[in-house]
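Subject: Handover of a structure, with notes

Dear colleague,

I am passing on the structure below, and my notes on it follow. Please read them with the coordinates open beside you.

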Amino acid sequence: MEKYLDKTLSPKERAEDLLRKMSLEEKMAQTQCVLVPLGREA
C-alpha cells in the first residue's frame, strides 16, 4: 500500500509521501485548481 493511502500514518507523513510522488506540473495544478489528466489521451 502507498504511504499516502495508509490511514494509520499521520496526515503530515501521508502528505509528505504524496508530495514526493507528484510532478512539479501536478503540484502547480493544485495551486491553480486545474486538473491534470494522468496518462490519458484527449
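**What was found**

The chain holds 2 helices and 0 strands, where helices (H or I, at least four residues) and strands (E, at least two) are DSSP runs numbered from the N terminus. This is a predicted model, in which local features need pLDDT of at least 70 and side-chain atom pairs count only at pLDDT 80 or more, while totals for chains, interfaces and linings use all residues. Residues are numbered from 1 along each chain as its sequence is written, and side-chain values use heavy atoms, with hydrogens and water left out.

Of the 42 residues in the chain, 7% are buried; here buried means under 20% relative accessible area, exposed over 50%, and partly exposed in between, with a 1.4 Å probe and protein chains only. The accessible surface of the chain comes to about 4,000 Å², and 57% of this belongs to carbon and sulfur atoms. Accessible areas come from the Shrake-Rupley method with a 1.4 Å probe, and for residues only the protein chains shown count as cover.

**Asp17 and its surroundings**

Asp17 sits in helix H1, which spans residues 11–21, and with a relative accessible area of 5% Asp17 is buried. If its neighbours within four places in sequence are left aside, Asp17 is in contact (heavy atoms within 4.5 Å) with Glu2, Lys3 and Tyr4. Asp17 and Tyr4 are 13 residues apart in sequence, yet their C-alpha atoms are 5.7 Å apart in space. In addition, the side chain of Asp17 reaches the backbone nitrogen of Tyr4 at 3.0 Å.

**Salt bridges**

How many salt bridges does the structure hold? There are 3, a salt bridge being a side-chain nitrogen of Lys or Arg within 4 Å of a carboxyl oxygen of Asp or Glu. As general background, side chains of opposite charge can pair when their charged atoms come close.

One of these joins Lys21 to Glu2, with the closest N and O atoms 3.2 Å apart. This pair links distant parts of the chain, since Lys21 lies in helix H1 and Glu2 in the segment before H1, 19 residues apart. Lys21 is partly exposed at 44% relative accessibility, and Glu2 is likewise partly exposed, at 35%.

Asp17 takes part in a salt bridge with Lys21 (3.4 Å, N to O), and these two residues, 4 apart in helix H1, are separated by about one helical turn. Asp17 also meets Arg20 in a salt bridge (4.0 Å, N to O); being 3 residues apart in helix H1, Arg20 and Asp17 are again separated by about one helical turn. Arg20 counts as exposed at 57% relative accessibility, whereas Asp17, at 5%, counts as buried.

Taken together, Glu2, Asp17, Arg20 and Lys21 are linked in a network of salt bridges.

With best regards

Methods: A polar contact is a pair of N or O atoms within 3.5 Å; within protein, one must be able to donate a hydrogen and the other to accept it, and residues adjacent in sequence count only if both atoms are side-chain atoms.
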